[in-house]
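User: I should like to take a close look at one part of the structure shown here. Please set out your answer as a connected account for a first-year student.

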Amino acid sequence: MAMTHRLHSSSCRVLLSLAVISAAAAACKPKATAPSERAEILIGATLPLTGAEARIGGFFKEGYELAFDEVNQQGGLEVGGKQRPVKLQLDDDTTNQATAVSLADKLINSDKVDFLLGTYSTALVEAQTTVAEQNKVPYVNGGGAASEIYQRGYRYIFGALSPVELLGTTLMTWIDEQQRAGKLPRPSKIALLWENTSHGKDFRKGVSAYAGKRAGGYEIAVDESFELGGKDFGALLGKVKAAGADVFLVDAHLPDYLTMHRQYLDAGLCHKVVSYGARGSEQAAIDALGADHVTYVLSGVWWNAQLADTIPLARKFVEAFKAKYGGRTPEWFQALGYEAARALFTAIRQAGSTDREAVRAKLAALRIDSLLPGGTLAFSAAHGGAAQNAFVVQQNLPDGSAPIIFPRDVAKVAGVAPSPRCTP
């Protein structure tokens, strides 16, 4: 009897040990990787709905919601012969990197989402993509364009935004056309200011590389960085003034653009060409600074509603957006949120399942008609999963419009250089 008891106790200890080991092994496996058993397809996302980027986060939310509404109004996505509704689980990351990371982990491992759509701003996207990659969850975003996001060898990250380096190159291409036409001096002095982020460094690289290839064409007289959220740009602008530059090129997020341009105007500065990168034409800038104070500012953007005149899907998107949101015209933020969601939906449909690996493979091979410049969207393997669509350059004019001025095949008017504001 004692022997039987000892054997029974030993067996229990063995079984208990095996149970512990099994539990530990299960805990070490990637979580929530199985295809969804729900009737609906659950897609998670975070956006900066509060904090410094709340305004733009709200715009991305509009783009996402329009894309989801369109699919569900058609009965859902056809996946494996069945129509399945799509649901967006959206959390507020408060424009905070740590929060964005924590919420991405929660969405994957607690809420058990099938896939992820991205947040907005380079810093938040860059931090959050690590969580998606570690958990092998396809992550499609329209809000992060810095090349660092896509140079880490990640396989599950896809970006609908073309790289910011290409923005710098595009602006310089237009400037070079004006110089060749005799509208700008040769050489032209450039004052180049850039935010001290991977986003800003990419912009600097694009401008500098282009200028460097035009021997005798350009001199970068000022090349300075600044921190996000700056309150006083007086010292930087003092250097710009002392340099006697012809061209003023800045890469800045909206809050820094508003602060810097106000101080630029107060300092009495004026240049033949002025651009704050992707900033300049937003209604928020016009409201804050006054339309007359942003006249002739250039901006290079990933999308413009004027593309509806030449790209069928852009026209369809603009019409649908206006119908849903009271006649408002969408900006590039809503368009890129919408297009990121549409790309993910297409890959799920093509995969015929919610298997993450199958969907990842379809995203990697994706090539679809698009509302973006060029009319096609593909995620470039050579660029780590980032799209490579062209930018469009627009310019604020005295009548309050901001027409596309470049590239020529989609331009509405010829751009103005030098700025009449700086012409005696």
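In which sense do strand 8 and strand 9 pair, and over how many bridges? Please also describe the sheet around this pair and the parts of the protein that surround it.

Analyst: Strand 8 and strand 9 pair in the parallel sense, over eight bridges. Two strands are said to pair if DSSP finds at least two bridges between them. Strands are DSSP runs of E with at least two residues, helices are DSSP runs of H or I with at least four residues, and both are numbered from the N terminus. One position illustrates the pairing: isoleucine 190 stands opposite isoleucine 220 in strand 9.

Some remarks on the model should come first. It is a predicted model, in which local features need pLDDT of at least 70 and side-chain atom pairs count only at pLDDT 80 or more, while totals for chains, interfaces and linings use all residues. Residues are numbered from 1 along each chain as its sequence is written, and side-chain values use heavy atoms, with hydrogens and water left out. The pLDDT is the predictor's confidence in each residue, from 0 to 100. Its average over the protein is 90, and 91% of the residues score at least 70. Over residues 1–36, by contrast, pLDDT stays under 50.

The sheet that holds the pair comes next. Seven strands form this open sheet, in the order 9-8-10-11-12-15-16, and the pairing is mixed. Strand 9 (218–226) and strand 16 (404–406) are the edge strands, each pairing on one side only. On average, neighbouring strands of this sheet are turned by 25 degrees against each other, direction ignored. Such angles run from 0 to 180 degrees between N-to-C directions, and the axes are lines fitted to C-alpha atoms, for helices over the stretch in contact. As a general point, strands of a sheet pair through backbone hydrogen bonds, either parallel or antiparallel.

At the edge formed by strand 16, the pairing runs in the antiparallel sense: two bridges join strand 16 to strand 15 (residues 392–395). In this pair, valine 393 has phenylalanine 406 of strand 16 as its bridge partner.

How enclosed is strand 8? A residue is buried under 20% relative accessible area, exposed over 50% and partly exposed in between (1.4 Å probe, protein chains only). Seven of the eight residues of strand 8 are buried, so this strand is largely enclosed by the rest of the structure.

Two helices lie across the sheet. Helix 6 (residues 198–212) lies across strand 8 (188–195), strand 9 and strand 10 (247–251), and it runs at about 165 degrees to strand 8. Helix 8 (residues 254–266) also lies across strands 8, 9 and 10, together with strand 11 (273–275) and strand 12 (297–301); its direction is about 155 degrees to that of strand 10.

Aspartate 246 belongs to the same surroundings. This residue is found in the loop between helix 7 (234–243) and strand 10. Aspartate 246 is buried, with a relative accessible area of 12%. Apart from neighbours within four places in sequence, the residues in contact with aspartate 246 include Ser188, Lys189 and Val273. Contact here means heavy atoms within 4.5 Å.

A disulfide also involves this part of the protein. A disulfide is a pair of cysteine sulfur atoms within 2.5 Å, and by this rule the count comes to one. The pair is cysteine 270 and cysteine 422, with sulfur atoms 1.8 Å apart. Cysteine 270 lies in the loop between helix 8 and strand 11 and cysteine 422 in the segment after strand 16, so the pair ties together parts that are 152 residues apart in sequence. The torsion about the S-S bond is about -95 degrees, so the disulfide is left-handed. Cysteine 270 is partly exposed, at a relative accessible area of 29%, and cysteine 422 is likewise partly exposed, at 25%.

Finally, the setting may be widened to the whole protein. The protein is divided into domain 1 (35–162 + 310–383) and domain 2 (165–301 + 392–410), with bounds that come from an automatic or database domain assignment. The C-alpha centres of the two domains lie 30 Å apart. Their contact takes 17 residues from domain 1 and 14 residues from domain 2. Altogether the protein has 12 helices and 16 strands, and 52% of its 424 residues count as buried.
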